[in-house]
Amino acid sequence: MNKEPPAAQNSVSAVLDGLAGEIARAAAGRYRISEADAKLRILETWRPLEDLQRIVLRDPSPDRVKRTAAFKRAAAAAKKAIYYDLRRYRRVDQSYTAALQELETLPRQGSSEHVTAILHAAAARHVSTAERLPHVDEFFDLLAGKIDRIESIIDVGCGLMPLLFPFERFPGLKRYCACDRDAAVIDAVDAYARWRGDDILVGCTWDIASGWNAVAGGHQVESFDLALMLKLVPVVDRQDKGLLETLAEVPAAIAVITGSREAMVKRNAIGRRELRVIERFARRFDLTELATFETGDEVGLVLARSVVQREPTVA
């Protein structure tokens, strides 16, 4: 296509741009993606498809192009790319890499606003954390209101939530153990922990199947006051129910377990379904409901062993 005259290339680009726009509008209505982002992803997927470009060059009628097998394959590939992009928790792109690099060089003397902006930029590159950003203050307000006297937290499947955690609101906190199977996520957590320099936050590359000994023993904490399992149990319930027993054995007195109110990819309300999964998890493993938990993007329960013998307290 590069050998074609500029006018021909422009004509092909215009037709593909229009066709991509049609698919993007439909994708934005169905999936959790903006029309502009969907269109960029579609055109990126189509860029190397020379057979599609030749078809448009021969006959630039959008209606006839849409009837060709090459276009139907290209449209299906673009929709698949969007779907699987949205299913990925970590978006590995130049922005994410740049955010990690900035975390490595967080300014010691920078303003709190500047540091917060860097932390939010990094957190926004992880899907599960990004979707929580509009409601993160609401979440921490609820957490602080429901849980008191916390000295230790284990955040299971943490994503980049530790970068946003308001440590100053929990002055008694001595240990925040952030666990995730994604080593790049833990690299980011560790970079932030080094900048903090207070030995409270520690990262742990960890998979559920590994069990809890490596986490608790490796960080000199046999048990924690609070476990955070944010949007985790319903995912594990769908993917590998055999791992639920391990999650139920988390070495913590109390657990905040949540699910999503809206599907990760499609614009579907799933809050009731997610809550039923958590309730079933609680019944199966004899966990006692202490309180409910609901923000703009998640629902869940505060759960404890049948008998709570130690702090923290729950409001």
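Trainee: Which residues form one aromatic cluster together with Phe139?

Mentor: This is a predicted model, and a search of the whole structure finds 11 aromatic pairs in it. One aromatic cluster consists of Phe139 together with Phe140, Phe165, Phe167, Phe170, Tyr176 and Phe293.

Trainee: How are the rings of Phe139 and Phe293 arranged, and which parts does the pair tie together?

Mentor: The two ring centres are 5.2 Å apart, with 55 degrees between the planes, and the pair is tilted. Both Phe139 and Phe293 are buried. Because Phe139 belongs to one element and Phe293 to another, the pair ties together parts that are 154 residues apart in sequence: helix α9 (residues 136-146) and strand β7 (residues 287-294).

Trainee: Why does the pair of Tyr192 and Trp195 count as stacked, and at what angle do the planes lie?

Mentor: Both residues lie in helix α10 (residues 183-196), three residues apart, about one turn of the helix. Planes under 30 degrees apart count as stacked. The ring centres of Tyr192 and Trp195 are 6.0 Å apart, and the pair is stacked because the angle between the planes is 15 degrees.

Trainee: The charged end of which residue sits over the ring of Phe167?

Mentor: Phe167 is a member of the aromatic cluster that also includes Phe165 and Phe170. At 3.9 Å from the centre of the Phe167 ring sits the charged end of Arg196.

Trainee: Is Thr295 buried or exposed, and with what relative accessible area?

Mentor: Thr295 is placed in the loop between β7 and β8 (298-305). Leaving aside neighbours within four places in sequence, Thr295 is in contact with His135, Glu138, Phe139, Leu142 and Arg261. Buried means under 20% relative accessible area. Thr295 is therefore buried, its value being 1%.

Trainee: How many disulfides does the structure hold?

Mentor: A disulfide requires two cysteine sulfur atoms within 2.5 Å. For Cys179, the nearest cysteine sulfur is that of Cys177, 3.9 Å away. For Cys204, the nearest is that of Cys179, at 4.7 Å. Neither Cys179 nor Cys204 is in a disulfide, and the count for the structure is zero.

Trainee: Which residue of β4 does Cys179 stand opposite?

Mentor: Strand β3 (175-180) and strand β4 (residues 201-205) run parallel and are joined by five bridges. Cys179 is buried, with a relative accessible area of 0%, and the residue opposite also counts as buried, at 10%. That residue in β4 is Cys204.

Trainee: Why is β3 described as largely enclosed, and how many of its residues are buried?

Mentor: From β3, Arg175, Cys177 and Cys179 point one way, while Tyr176, Ala178 and Asp180 point the other way. The residues on both sides are buried. The strand is therefore largely enclosed by the rest of the structure, the number of its buried residues being six of the six.

Trainee: Which residue of β3 does Ile153 stand opposite?

Mentor: Ile153 is found in strand β2 (residues 152-156), which runs parallel to β3 and is joined to it by five bridges. Ile153 counts as buried, at 0% relative accessibility. Apart from neighbours within four places in sequence, its contacts include Phe165, Leu173, Cys177 and Leu226. Its opposite residue in β3 is Tyr176.

Trainee: Which element gives the most to the largest nonpolar core?

Mentor: The largest nonpolar core has 44 residues, and those with the most contacts inside it are Leu103, Leu143, Phe165, Leu173, Tyr176 and Leu226. Elements that give two or more residues to this core include α7 (112-123), α9, β3 and β5 (224-230). With seven residues, the element that gives the most is α10.

Trainee: How many residues has the other core that lies apart from the largest one?

Mentor: In soluble globular proteins, nonpolar side chains tend to be buried together. Here, a second core lies apart from the largest one, and among its residues are Cys177, Trp206, Ala227 and Val233. The size of this other core is 32 residues.

Trainee: In which helix does Thr246 lie?

Mentor: Thr246 counts as buried, at 18% relative accessibility. Not counting residues up to four places away in sequence, Thr246 touches Ile208, Gly211 and Trp212. The helix that holds Thr246 spans residues 244-248 and is α13.

How values were computed. Residues numbered from 1 in each chain as written. Predicted model: local features only at pLDDT ≥ 70, side-chain atom pairs only at ≥ 80, totals over all residues. Heavy atoms only, no water. Phe/Tyr/Trp six-rings, centres within 6.5 Å; stacked < 30°, edge-to-face > 60°. Helix = DSSP H or I, 4+ residues; strand = E, 2+ residues; numbered from the N terminus. Buried < 20%, exposed > 50% of the residue type's maximum accessible area, 1.4 Å probe, protein only. Lys NZ or Arg CZ within 6 Å of the ring centre and 35° of its normal. Contact = heavy atoms within 4.5 Å. Core = buried A, V, L, I, M, F, W, Y, C linked by side-chain atoms within 4.5 Å. Pairing = 2+ DSSP bridges.
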